[in-house]
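This briefing introduces selected features of one protein model to a reader who has not met it before. Please keep the sequence and the structure in view while reading.

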Amino acid sequence: MSERSEHERSEYERNAGARSEHERSAPERSAPERTEPEPGGAAASGASIQLENLTKRYPGNPNPSVDSVNMEIKAGETVIFVGPSGCGKSTTLKMINRLIEPTSGRIRINDEDVTDIDPVKLRRKVGYAIQSSGLFPHMTVAENIALVPKMVGWSKSKVKDRVEEMLDLVGLDPREFHGRYPRQLSGGQQQRVGVARALAADPPVLLMDEPFGAVDPITRDHLQDELIRLQHELHKTIVFVTHDFDEAIKLGDRIAVLRERSHIAQFDTPEAILTNPADDFVSGFVGAGAALKRLNLTRVRDVEMAEFPTVTVDDPLQSIFNKLRSGPHNELLMLDRRNRPYKWLRRGDLMRAKGSLARAGQLVHDTVTRDATLHDALEAVLIDSGGRVAVTGRRGEYIGVVDMETLMNSVHELLEADRLAAIEHQHDLEELRHHQTEQELEGGAEES
């Protein structure tokens with residue numbers, strides 16, 4: 001195992017908090033005192049976070065790594081820390097759960113000052129997900145997810161139910177993945193389990209330190225979509241570190257663009273940063289193509305899906321042929337027995353089928369979910385020779401189709417909205433300048 005993965009596992013172990021010497025030496029109790037709510041009641045919603053003059057200094061370094069950060073994060077909000085390597089964004093994140101102890105300053109969660117409480121207890125109330133998942137290789141998927149609920153005293157039956165609930169929540173079949181070990185999972189599956197573990201004890205706050213940085217781009221897109229879907233259901237407070245500005249735009253309710261030593265260059269919504277970057281430093285992060293980046297702010301669920309004919313693998317060949325011949329489209333989408341997109345079938349494919357569809361048609365290679373951005377959908381449509389992409393649900397079931405016409409209409413609407421917003425902003429600036437000029441003239445008249 002690599003030195004990096006060993007470090008990440010030990011980091012998570014410190015974060016979750018191993019049992020104290022007293023706990024390890026104490027005899028097992030049949031009914032431990034519960035310190036956290038068990039599943040079955042209302043799920044914990046997000047908590048507000050306030051950082052007050054948060055500072056970190058390391059011995060031998062004349063400058064602080066993090067210098068007096070002040071920030072207020074709303075309950076249920078997803079806030080993204082983005083900035084150049086070494087700017088202190090991960091250090092700032094880790095001070096929130098005191099994985100790194102602050103040198104000075106205060107951290108308040110739901111107005112409770114957590115700076116002086118037991119850091120182990122704090123970490124058990126704050127979910128934490130890191131790059132490469134940080135799963136314990138000697139534990140099964142179920143054991144990894146059950147780790148924190150067991151630590152805080154949940155009963156065996158509730159822990160078992162929670163493991164199944166969390167696997168289902170992140171889109172993994174509990175029957176298939178319950179007993180697997182991390183080495184038997186793909187990178188994307190490991191990361192899903194890492195998120196499930198971070199959420200298992202139902203914490204109000206979830207910290208994520210570049211959690212999707214070690215997977216391939218396609219898997220990364222899917223994981224981002226899953227996080228958006230989860231947040232739509234759970235309403236946790238998420239603080240997420242990334243160096244990828246496109247990821248920040250896609251995921252964040254607000255983005256904190258950080259300079260060196262975590263100085264805040266701009267803390268605002270993705271829309272505001274794209275249309276009105278605070279300075280050249282922020283503009284450098286936005287980069288070229290701000291209008292196209294706006295596509296990351298709209299979800300597939302927000303646009304109208306195109307009507308598209310479908311058939312199933314069990315439909316008779318003649319009925320498929322009749323449906324294609326009588327409809328306005330020159331192709332159909334064939335669904336498998338679990339209602340998932342399987343093949344695109346064109347008229348020519350059916351002519352060559354000769355009584356069998358086994359080799360006819362084009363396999364569906366790419367799909368998007370309702371939580372995917374229009375940027376993701378446009379990329380999939382451009383890659384596909386047919387200029388369309390199927391939209392699927394949590395289990396891969398077919399929902400609809402998004403085509404190029406729909407996406408281009410949405411792009412035009414975004415550009416027009418940006419144009420009108422720019423005109424309104426310019427009008428507001430002119431009114432402000434006019435008002436200031438009037439005040440200056442009145443002041444000069446009074447002096448004379």
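In this predicted model, T369 of strand β15 (367–369) stands opposite T392 in β16. The two strands β15 and β16 (residues 388–392) run parallel and are joined by 3 bridges. They belong to an open sheet of 3 strands, which is the starting point of the points below.

**The sheet of β15, β16 and β17**

- The strand order in this open sheet is β15-β16-β17, and the pairing is mixed.
- Strands β15 (367–369) and β17 (398–403) are the edge strands, each of them pairing on one side only.
- From one strand to the next, the twist averages 35 degrees.
- Strands β16 and β17 run antiparallel and are joined by 5 bridges.
- Within the pairing of β16 with β17, V391 stands opposite G400 in β17.
- β16 and β17 form a hairpin, with 5 residues between the two strands.
- In the turn of this hairpin, G396 has a positive phi of about 85 degrees.
- Helix α16 (residues 374–383) lies across β15, β16 and β17, and its direction is at about 135 degrees to β16.
- In general, the strands of a sheet pair through backbone hydrogen bonds, in either a parallel or an antiparallel manner.

**Strand β8 and its partners**

- Strand β8 (residues 237–242) is mostly covered, with 6 of its 6 residues buried.
- Both faces of β8 are covered: the buried residues are T237, V239 and V241 on one side, and I238, F240 and T242 on the other.
- Strand β3 (residues 78–82) runs parallel to β8, and 5 bridges join the two.
- The bridge partner of V82 in β8 is T242.
- Strand β7 (residues 205–209) also runs parallel to β8 and is joined to β8 by 5 bridges.
- L206 has I238 as its bridge partner in β8.
- Between β7 and β8 the chain crosses through helix α9 (residues 217–234), and this β-α-β crossover is right-handed.

**Helix α3**

- Helix α3 (residues 89–96) is largely enclosed by the rest of the structure, because 7 of its 8 residues are buried.
- These buried residues are K89, T91, T92, L93, K94, M95 and I96.
- After α3 comes R98, whose phi is positive, near 60 degrees.

**Aromatic rings**

- The model contains 4 aromatic pairs.
- One of the pairs is formed by F245 and F285, with 6.5 Å centre to centre and 50 degrees between the planes, a tilted arrangement.
- This pair links distant parts of the chain, as F245 is in helix α10 (residues 245–251) and F285 is in helix α12 (residues 280–286), 40 residues apart.
- F245 has a relative accessibility of 5% and therefore counts as buried, the cut-off being under 20%.
- F245, F281 and F285 form one aromatic cluster.

**Charges over rings**

- The charged end of R388 sits over the ring of W344, 3.7 Å from the centre of that ring.
- K56 lies over the face of Y58, at 5.1 Å from the ring centre.

How values were computed. Residues are numbered from 1 along each chain as its sequence is written. This is a predicted model: local features need pLDDT of at least 70, side-chain atom pairs count only at pLDDT 80 or more; totals for chains, interfaces and linings use all residues. Side-chain values use heavy atoms; hydrogens and water are left out. Two strands pair if DSSP finds at least two bridges between them. Helices (H or I, at least four residues) and strands (E, at least two) are DSSP runs, numbered from the N terminus. Axes are lines fitted to C-alpha atoms, for helices over the stretch in contact, and angles run from 0 to 180 degrees between N-to-C directions. Contact means heavy atoms within 4.5 Å. Rings of Phe, Tyr and Trp (its six-membered ring) pair if their centres lie within 6.5 Å; planes under 30 degrees apart count as stacked, over 60 as edge-to-face and the rest as tilted. Buried means under 20% relative accessible area, exposed over 50%, partly exposed in between (1.4 Å probe, protein chains only). A charge sits over a ring if NZ of Lys or CZ of Arg is within 6 Å of the ring centre and within 35 degrees of the ring normal. A crossover is right-handed if, with the strands pointing away from the viewer, the path from the first strand over the helix to the second runs clockwise.
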